[in-house]
Every structure is written in C-alpha cells, then in structure tokens.
Amino acid sequence: MDSSILRQLKKIAGKDAVLDRQEELMLYEYDAGVDKHRPGAVIFPQNAQQVSQIMRLASEKKVPVVPRGAGTGLSGGAIARREAIVLSLARMNKILEIDTANQRAVVQPGVVNLELSNATAKYGYYYAPDPSSQKACTIGGNVAENSGGPHTLALGVTVNHVTGLEVVLPDGRIVEFGGKAQDSTGLDLTGFFVGSEGTMGVVTKITVKLTKLPEHVTTLLGIYNTVEDAANTVVAITQSGVTPAALEMLDGWMVRCVEANVHAGYPEDAAAVLLIELEGMREAVEEQAEAVSAVCMQQKAREVRRARDEKQRQLLWLGRKTAFGAVGRVSPSYYTQDGVIPRTKVPYTLAEIERISKKYGLIIGNVFHAGDGNLHPLILFDSRDPQQAENSRKAAKEIMACCLKFGGSITGEHGVGLEKIGLMTAMFTEDDLEVMVRLRNAFNPESILNPQKMIPDLHFCREITGPLPKAKVEPVGGIPV
Amino acid sequence: MSSLTIADLVINDLAKIVGRAHVGYTDTDVEGFNINGVVPVIAVSPGSPEEVAAVLGLANEFQLVVATAGGLTKQQTGGVPERIDIMLSTTRMNKIEQYDPGDLTISVAAGMPFAQMQARLFEHHQWVPCDAANLETATVGGLMATAAAGPLKSAFGHMRDFCIGVQFVTADGKVVKGGGRVVKNVAGYDLMKLLTGSFGSLAVITRVNFKVFPRPRQTRTFLCPFGSLDEALQFRTRIFQSPLTPMCLEIISPRAPEYLGDPGPVEDPDHYMPSHPVALPAAEWQIALRAAGSDNVLARYARELGGAVGRALEGAAEEQLWKWISHFEPSVLARHRNAMVIYTHLPIQAVGATLQAMERAASDYNLIPAAVGRAATGNLVLAFVPLSVDPPSAMQYANCVSAFRGMLPPGCSAEVAQCPTEAKMHFDVWGTTPTDVSMMRAVKRAIDPNNILNRGRFIV
C-alpha cells in the first residue's frame, strides 16, 4: 500500500486504528468461507465522519475499499481482492438507543447480533434474526448479507426487521434511508440496500425492529428411521397450516457428529431428526405442539420428544447451532452449500444429494432450515488431496444444478460474494445483471466499494460462459470454488 | 410535438406490436384513463412482457411519456402528469402462471385482479394477507406499485414482505427479473423492495411471485370503545405489553364510523351531511382488535381484554366490518368528491400526536376529520371532508396540509393520496421523507434515463 495513503488513513482514524504490517494483515486474509486474499491495509474508523473521510480519500486515490464486520461470512464478501483497504466496523459497536415504546433499537454496525437481544431481553424484547453465528456476527454484516437463521421461518430475515439506515456512499456523502417508522414516503431504499453485500455503501447506523419475547416456547425433536420420512414431514407440516418458529433438519451423519461434540441429546442411531420450535401464546403453542406431533407420527416418525425444560431446550439448540463446528472436528476441510429449493422438493433433493455423495465417494452431511427449503449440505474432503478437492467442487456444482432445476436459488442467506459470483449467470440473464449493474453504479459508480463481488463483470462472464442462456442450469462449469 | 403527430408517428408500429384491436386513440378509447384531467393520446394493451418491452422500446426511442394502468383504483394519486403520450394497460396479462399449494408460492401475471388470485388461494385455505381497498378491480401489479395495504399490515406486513420475485420491463425495453420462486433467496439485489411503492416510475411490473400463508380458520373481532384518544392509546400500550398477538389492531376516530357502513345512495358528492348527526358521541374513539386461533386462544383474548370490550363480532358481521374498514377511503370519496385523504408513515408513538394534528388542522381550516389506521404500525388513513356550506379554496387544502405536516413529530412522513386536482399545484402531494431523495433520483436515472415513465407524478 502506498505510504502516503497509509499516512492519511492514520491521520483520519488515529495511528492505533490502522494495520499495515504483513503479520497483522494475514489475520484479515479470510472470512468463514473458502477464499483467501491479503488486503493492503486495515482501518478501524470510530464514527461516520471518519468513514466518510476514508471513502473520500479512497475515491480520490482510486483504492478499493472492502467493508468488514466480524468476518463470519461464508461467501467471501469481506475478502479484499487486490491492494485494497479493509474497512472494519468492529470499533463502531455501540447500542445507541433502545426505544421499547416504539419497538426499535438504534445500533452501530459493529454491534454483535446476540448482544442486542441480550441487552433488550430485560425489557421483554429481542432482535429476531438469529444466524447460527449470532454470538460473533455483527448487525452491520447481517444488513450487508440480509442474513437469515433458524428463527426466520415465521418472522422473516434481516430485511423484514430493518427500518432505517445511515449510509456513507463511496463519494463520502452521509445519507439516511428510512427511520423508526415502519416505512416512509417514496422509494424503499432501506429494503433495497439490505443484502447489497457492501457494494452500494457503508452502513454506519441501523434502526431495527424489536420483537416482543413470546409468552411460551416449546421445542420438539422428531426422530426418524429414514431421511425420506423426515423430509415428507417437512412438507406435511407446511401444508398443515401451522407455521413453526423454526423447522430444522439434521441427517443421521450430522446427528452423530454433533453428539460426539456437545451431547445435545439426539439419538445416535437416527437416520434424521427434525428440530421444531413453536412459540407464541401458551394456548396456541400447546395446541400446535399436539398438531405437529400428530403430523410427525403420521409421517412415520419413530418418536417425538419434547424438551422438558429450558435447559433441555437450549441443549437441543446448542446441537444445531454448533453443527458446523462439530464437522470441523472430524474433517480437515468442508465446503458449505446454501442452495434453496421449493419445499415440496426437499425429499427428492435429499435423495439426489445422497446419490451425488456416493458418486464422488465423499461424505455429505445435511443440516439445514428445512421449513423454508434452505439446504446446507456440508461436503467433507481433505484439501491436501487434490482429487478430493476437485471432487468436492464437482459435487457442489451438481447440488447447485439440482437446486436450479427446481426453480431454486444458489444462495438463501450466505450471499453471493466472491464464492458464487460465477453462478449468477445460471440464475440471471444478461439483461437482469445489466440492470443490477446500472443500479449499483447509481450508488457506487466506479466500483471503489467491494469491487468484483456479487454481480459478475458482464464482459468477463460472457467470455467464460459463451452466449448467455435464459437462466438454464447447464453453464455451471468452470466456476471457481 | 403536437399530440396528433405522436399518434401519427407510432400508432402503426404499436398496432404491429399488440394488434390493432389493442390500440386506441379516439376519445372513447382514452377518456377512461383521465388522470387529474390529463388524458393520454394513445391507450395500448399489450398481451405479454415481450409486447410491453417492444412498446416501451418504441416509446423510449421517440421519448414518449408512458403511464401504466392496472385496475384504475389509484390513478388519481400523485402529482398532475406533465403529459401522457401512451397509457399502457396491463389488464390483458391476467393469468396465474404457477401455483403449487404445497410450496406455498404463487406466480401471477401483473394484470390479474387481486381478488381472482385470492379466490384461487382460498380453495386451499391459503391467502396473501393483503386487505387493501378495491381488491375486486385492483391488479396485483398495481397493488405492488402503490404498496397498497389494509388492516392486516399490522401482523403480516405488506407487498414488500410477501413478494419473493418480480418480472418487469425497464424504460428502454428490457425484460428483467429479480428474486425467484423460493421463499428465501439473497442472490442479486432485492429488486422486489425497489419496485414496491415505486408508482410506475421505474419500470412496468409484468409478473409477481408471492409467498402465501395458511389462512386462519377462525377469527374474532373485539370492538373496544374509549372516551378519548388518550384512553384508546393507553389500551394499545396494554396490548403491546401483553402476550396477545392480534392479527389487526385498528384505531377508529369518532367520525369514521360514518363511513364504515352501507353508503346508501349518494345524492350530491359535494355535500357533507352526516347520517346520524346527533346519535354519534363525538368523542368516542374505538380500537378494533382482530384475533385468530382456536376457541381456547379466543377465550384467552376475551379474558385478557376484559371490560374494555364493547362488542365481539364473528362470521359474516366480522367480515363485513373489516371490508368496511378496508374500504374507508373509497367510501369517503364516494360521499365527498372533494375530500382530501392523507396516508401517514409514523413511529408508533407518534400516532397520538398525528391524530391530534389531524383534528387541529381540520378544525383550523373548516374541514371534518375522520381516520382509521393501523395503530401497531403507524399507517393511518386520514380523511379531511369539506363542509358544503363553506367549500374550501384550492389554497385552503395546501394550507391545511402544511399546518398538519408542521405539527408532525420528527421521522414522520405524510403523503396526500387524494385531493382535488386544482389544489395539487399549490403544494407537494408527496411531502418530505426521511429517505434521501437525491439517491431516489439517482436510482430513477439509472433505469429510466430519459424519464419517460410517469413523468411528474412521483417523487422521482
């Protein structure tokens, strides 16, 4: 990185707020995904004015800037590709206001997701979107990725819980979208901005909805002898008219993996389990629990258990939320997928994943948000074995092709980032992408902010994929993993 | 360029695109599309997104101004159009394209009347929980473009929250899509959010995919009367703090019940004549709370609400009440052609101050105030009804609106959805908004650089 730029960065945010030594920069090479690149510098601004000055400097010097939260993203969104500045929001981590009367909180982007719920629980409220990484991930990062989580089935994802944003644009302007009201006159730029993966602006203040803590919560564990029965139960519950707060599935391999790690109380001989949470008024929860249990049994569940107390309920969830970590203990590498399919296609898709697993001789564990059809197959491989690494990529492509065949999506909640940028042409036509580029350019005309993420360079993707099809499945080949 | 020349220039080309039967330019063809006194030169009704693209491509080439029409229920909203060369009607695109009840998703062409889609969903005990006004005629695309909503917004949100995919045609004639047919999807920008409430200013919506919901099998409505606005709002706070999760929580102002009933024959739409001028206690505010659930759940509601409940409604009477509440705005306008209707977007604690501001501004300018609205989201529908003995001047509307807006707490926005056309030139119907308008304009320029879509009618 140019030393005069470094000097100016230090002048803006302070000497102790800029990292430029190689050993420090190494820590910012990666996120929780698979891509790795070393940035030129890391800066930790403490307020919106500093962010604005950094953006102005970067725009003037044409240095790319990549905003970063906690680095828990799974799609490489926070990876700085070239000689870029990583703009870490980690030090802007204050809860600015808890306004229970208006059911809102105003936070800085670096506030950790779970901390907000912890801070508001004493008033009887919480922040509903709960990514599995909620103990570490930041709300700013959640806004960039439009993050989901198990409990977004009934309550919606991040975009349904954000009503206002303060944003620094690439030219340094500080602008406001929305506020504490549910919506406002004019275009919904708040909703449009959420999920833009740091390609439109840097969020410096977020107004979120607070949700009333439910009076009653209960968690059921459906235990199955076949994956197919569990998958059929998901379809049957969806059709029964009950919308659970969460409906998660783990297959037998994942169950054993999790049990070895945390002893969550899942039966190790099960072929699959469903974790079903119901919440709301006590009377409604009790009735729904009975209805859901009956559906499970009709769909050939071996047994339906109900968490006896809060401790047991938390343990069941601990199993689910630490599943990825548990896999890390048994496999040197794994590759997390994030495909989405229509819910009725869950049984068929799982059978297809099983076939792909056998074809490539790789273990694929399944732990996912069954209720909204958001699959997370984890492909296990040893990255030191080039053949296995290659096969894992091929298997991933086949799984994605299967999702797209059913009219699904390449990403339900992890984002496109670097990882899936090559797959965008399989979902969108050249015209679709061209309009997205024009919209991005309205905010970020020179692509100073998070360049080469999310939306492929159209010229480039034409070269590698040939003439673009009208959203067909095939041209998934040649995608960098 | 005179109107006649425009017609001469493009009429044959348009006929080639959509078929001669679907292009009109005589007075009878276009008069029905009169928007605030501006009549389009040509009316065209394409039958497919590709035809829409060809029409817009042509319009863009000749820099003709295009407005889009669905069921014509909200066309009078917004600024007076600068001019309209082509009125593009979506009503020939009216099919359900895909519906799989098991997936709880539906894909519908934009010109389909909402109620037709809903009837199909009802067959499977499902619905898109939107209860805006005029659903028999309003189209799916029109409801999305206007972000229309009714009392169900309290619990379910609105079109932005249901729409999971959209196909639209840009001003330069590209057929583009965003999202898809699955309920969770973060691939690409969220164009559904951008188009919801864009009032036809960014693109022509041609297809909408919704996530649908199981329809509640049993509901009950509790009508709770209060002697003052304060008491009604205290009751609302009690509900917020209770474990209850009502489906609708609607506040009804003292004069609003006048418009929540069978309208009867309208003799003179300029004449204000209350039907029960003395029977109605002038200070009674009501909260209508609608709950869904089993007998046990509804019994719990009755217990928790206790003595606050004046009446409980079920079945046909309950359905009727909610239809009337949804239909409040059209009822007011049917009775009083010159009434003004304002929609608000408020932090929920600003509801009280806003309703007081309405009463104050109305009395200062000799208008009669009436309101219904979502007490849980701050989306109120405020009506200002003129007195026949003192018809307001155009300027009086403008002054009333600025007085009203001036009294609103910070963070609020209030748009004038309906008022006489003559008044519109004296003030900005959209008003101020907390969202940066320069960025709205940048977005508009990015996808409609020649400003051919709905010029002069929306904020951008």
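Two strands count as paired if DSSP finds at least two bridges between them. With that rule in hand, here are some exercises on this predicted model.

**Exercise 1. Work out the strand order of the open sheet in chain A, and find which strands form its edges.**

Solution. Start by following the pairings across the sheet: the seven strands come in the order β15-β12-β14-β13-β17-β18-β16 of chain A, and the pairing is antiparallel. Next, look for strands that pair on one side only: these are β15 (301–306) and β16 (333–336) of chain A. Finally, go from one strand to the next and take the mean twist, which is 20 degrees.

**Exercise 2. Zoom in on β17 and β18 of chain A: how many bridges join them, and which helix packs on the sheet?**

Solution. Begin with the two strands, β17 (residues 364–368) and β18 (residues 377–381) of chain A; they run antiparallel and are joined by three bridges. For a landmark along this pair, take N366(A), which stands opposite P377(A) in β18(A). Now turn to the helix: α14 (residues 386–405) of chain A packs on the sheet and touches β16, β17 and β18 of chain A. The direction of α14 makes about 165 degrees with that of β18(A).

**Exercise 3. Search the whole structure for disulfides, then explain why C403(A) and C412(B) are not in one.**

Solution. The search over all chains gives zero disulfides. The test is a pair of cysteine sulfur atoms within 2.5 Å. Take C403(A): its closest cysteine sulfur, in C402(A), lies 5.7 Å away, so the two are too far apart for a bond. For C412(B), the closest cysteine sulfur is in C400(B) at 16 Å, again too far for a bond. As a last step, check accessibility: C403(A) is buried with a relative accessible area of 1%, and C412(B) is buried too, with 11%.

**Exercise 4. Describe the interface between chain A and chain B by its residues, its buried area and its salt bridges.**

Solution. First, list the residues in contact: 82 from chain A and 72 from chain B. Then turn to area, since the size of an interface is often given as the accessible area lost when the parts come together. Here about 6,200 Å² is buried between chain A and chain B, with carbon and sulfur atoms giving 58% of that. On the chain A side, T185(A), L187(A) and M281(A) supply 14% of the area that chain A buries against chain B, more than any other three residues. To finish, count the salt bridges between the two chains: there are ten. One to look at is E283(A) with R300(B), whose closest N and O atoms are 2.8 Å apart.

Definitions and conventions
Residues numbered from 1 in each chain as written. Chains lettered and ligands numbered in written order. Predicted model: local features only at pLDDT ≥ 70, side-chain atom pairs only at ≥ 80, totals over all residues. Heavy atoms only, no water. Helix = DSSP H or I, 4+ residues; strand = E, 2+ residues; numbered from the N terminus. Axes fitted to C-alpha atoms, helices over the stretch in contact; angles between N-to-C directions. Contact = heavy atoms within 4.5 Å. Buried < 20%, exposed > 50% of the residue type's maximum accessible area, 1.4 Å probe, protein only. Buried area = accessible area lost by both parts, 1.4 Å probe. Salt bridge = Lys/Arg side-chain N within 4 Å of Asp/Glu carboxyl O.
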